[in-house]
Amino acid sequence: MLERSSSRPDDGKTLSQTLAHGGLAVTLQSQADARSELIGTTPTDDETNRKNMALLIQLRWTAVVGQIVTIGGVHFGLGIPLPLERMGAVIGALVLLNVSSLVWVRHRAAITNNELLVALMLDVAALTAQLYLSGGATNPFTSLFLLQVTLGAVLLDARSTWSLVALTCASFVWLTLAYRPLDLPPNPLSETYTLTVAGMLLGFVLNAVLLVVFVTRINRNLRERDANLAALRQHAAEQDHIVRMGLLASGAAHELGTPLASLSVILSDWRRMPDLAADQELAEDLAEMETSLQRCKSIVTGILVSAGEARGEGSSPTTVTAFVTALVDEWRDARSARTLYFVNTFGADVAIVSDIALKQVIFNVLDNAYEVSREWVELVAEREGDNLVLSISDRGPGFAPEMLAQLGKPYHSSKGRAGGGLGLFLVVNVVRKLGGSVTAENHRKRGATVRLTLPLATLAIGGNFDA
């Protein structure tokens, strides 16, 4: 199978496989450029900001419930009169702000840092209004300002965070100068002190719990963003590698065109020479050489076609069964191999476009299977839902564990040859571009299977697929 050990030395095959399949990569140049641009605009930042805005909305709902419970407990439970109408108006404004925010976020393409800052500032303003109506700076719940500052430090850039710090500090200072005093019932000093300590304890517990819950979730969002960015950068690097290999392959194909044409002319002249034509054994050798030369020219032509045409151009309409059957016949004829067994359990046929890149990918898998298992290779075509699944099995030594762990990574090969590991790398990337996936597994006794899963909607004519 692909990139496995073999006792058969073949130092020149890695380069030929790279040239034969590297031409596929040039067709992916535009997609690689688009991927690079995508990373430049950091789309994961937009998604992370959207998740963080959703967390702020959840926190605001928590604040609404907490304020209702606290105000009710203080006013009715402790007998401390509060301006319920005005404090209720602040809560109503928070509810209206939250409902508006939910609608706004659904229709917003991207959430920016400044919009997160505005959301936090509105929360600070609401908290300041409630504290103003309930004792100002003497209210033990002033510690909740630290919750807003901490969230700002996690969510915002440095400049915005300092802006939020300035606002909370200014709000606290203002509350020391202007506020509505609490009308505490006539209690001994010790009882008033106990109420203050209890309020401070409750404020501390609220701060601690909310910080742990929401900062933990925010950090999870940030970790997911970093992981997505790392995956995008890795994918962009792989695409760039494919493009460079494709350029090398297409350049080599152009260079090989001239000597192959010269060899074709020479062989044609030799076949017309009476002395050479009279020697039956020599004539058979010349015929075999001419067949091999035509095979080389066909490979070079395929490289140039793949390098210069996007999917659909130069392709022809066909069906799944016809495409795979023709592919099997062509592979058998080109390699004079009769040990490839084809099983078609796809079922009702589906119209698709014959894709050159996909054909070369399947050839790559079959070539590597045949290299390690010349006595038996099996190709099974089947349907799983809306997917075409091609399974290539052999009776070779199987994949090494480290190869299975690094499936699709360039230059990970157990063959020990310079430049090895590119075949599976190209297969995985081309199939992924078609919206599919590649998996590999070893058999219990001997051999392995590579499965190519391809969405029929991607292969269908015009991109349309009717199940």
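**Exercise 1: the two sides of helix H6**

Leu 146 and Ala 153 are exposed on one side of H6. Which residues of helix H6 (residues 145–155) are buried, and what arc do they cover around the axis?

*Solution.* Before we start, keep in mind that this is a predicted model.

Step 1: pick out the buried positions. In H6 they are Phe 145, Leu 147, Gln 148, Leu 151, Gly 152 and Leu 155.

Step 2: look down the axis. These buried residues cover an arc of only 160 degrees, so they sit on the same side of H6.

Step 3: put the exposed pair back in. Leu 146 and Ala 153 are on the other side of the helix from that buried group.

**Exercise 2: aromatic pairs**

How many aromatic pairs does the model have? For Tyr 132 and Trp 174, work out whether the rings are stacked or edge-to-face; then do the same for Trp 331 and Tyr 370.

*Solution.* You need two numbers per pair: a pair of aromatic rings is described by the distance of the centres and the angle of the planes.

Step 1: count. There are two aromatic pairs.

Step 2: take Tyr 132 and Trp 174. Their ring centres are 5.1 Å apart and their planes are at 20 degrees, so this pair is stacked.

Step 3: place that pair on the chain. Tyr 132 belongs to helix H5 (residues 113–132) and Trp 174 to helix H7 (residues 158–177), so the pair ties together parts that are 42 residues apart in sequence. Tyr 132 is partly exposed, at 29% relative accessible area, and Trp 174 is partly exposed too, at 40%.

Step 4: now Trp 331 and Tyr 370. With ring centres 5.4 Å apart and planes at 90 degrees, the arrangement is edge-to-face. Here the link is between distant parts of the chain, with Trp 331 in helix H11 (residues 320–335), Tyr 370 in helix H12 (residues 356–372) and the two positions 39 residues apart.

Step 5: check burial. Trp 331 has a relative accessible area of 0% and Tyr 370 has 13%; since buried means under 20%, both count as buried.

**Exercise 3: strand S5 and its partners**

Which strands pair with S5, and in what sense do they run? How many residues of S5 are buried?

*Solution.*

Step 1: start with S4 (residues 377–384). S4 and S5 pair in the antiparallel sense, with eight bridges. One of the bridge pairs is Val 380 with Ser 391 in S5.

Step 2: follow the connection. S4 and S5 make a hairpin with two residues between them, and Gly 385 in the turn has a positive phi of about 65 degrees.

Step 3: turn to S7 (residues 448–455). S5 and S7 run antiparallel and are joined by eight bridges. Val 389 stands opposite Thr 453 in S7.

Step 4: check the enclosure. Seven of the eight residues of S5 (residues 387–394) are buried, so the strand is largely enclosed by the rest of the structure.

Step 5: zoom in on Glu 382, which lies in S4. Leaving out residues up to four places away in sequence, Glu 382 touches Thr 345, Phe 346, Asn 387, Leu 388, Val 389, Ser 391 and Arg 451. Its C-alpha is 6.4 Å from that of Asn 344, although Glu 382 and Asn 344 are 38 residues apart in sequence.

**Exercise 4: two serines**

Is Ser 134 buried or exposed, and which residues does it contact beyond its neighbours in sequence? Where is Ser 171, and what does it touch?

*Solution.*

Step 1: find Ser 134 in the loop between H5 and H6. Its relative accessibility is 8%, so it counts as buried.

Step 2: list the contacts. Neighbours within four places aside, Ser 134 is in contact with Leu 82, Met 87, Asn 139, Arg 180 and Leu 182. Of Ser 134 and Arg 180 we can add that they are 46 residues apart in sequence but 6.1 Å apart in space, C-alpha to C-alpha.

Step 3: move to Ser 171 in helix H7. Ser 171 is buried, at 9% relative accessible area.

Step 4: list its contacts. Not counting residues up to four places away in sequence, Ser 171 touches Val 124, Thr 128 and Phe 145. Phe 145 is one of the buried residues of H6 from the opening exercise.

Key: Residues numbered from 1 in each chain as written. Predicted model: local features only at pLDDT ≥ 70, side-chain atom pairs only at ≥ 80, totals over all residues. Heavy atoms only, no water. Phe/Tyr/Trp six-rings, centres within 6.5 Å; stacked < 30°, edge-to-face > 60°. Helix = DSSP H or I, 4+ residues; strand = E, 2+ residues; numbered from the N terminus. Buried < 20%, exposed > 50% of the residue type's maximum accessible area, 1.4 Å probe, protein only. Pairing = 2+ DSSP bridges. Arc of directions from axis to C-beta. Contact = heavy atoms within 4.5 Å.
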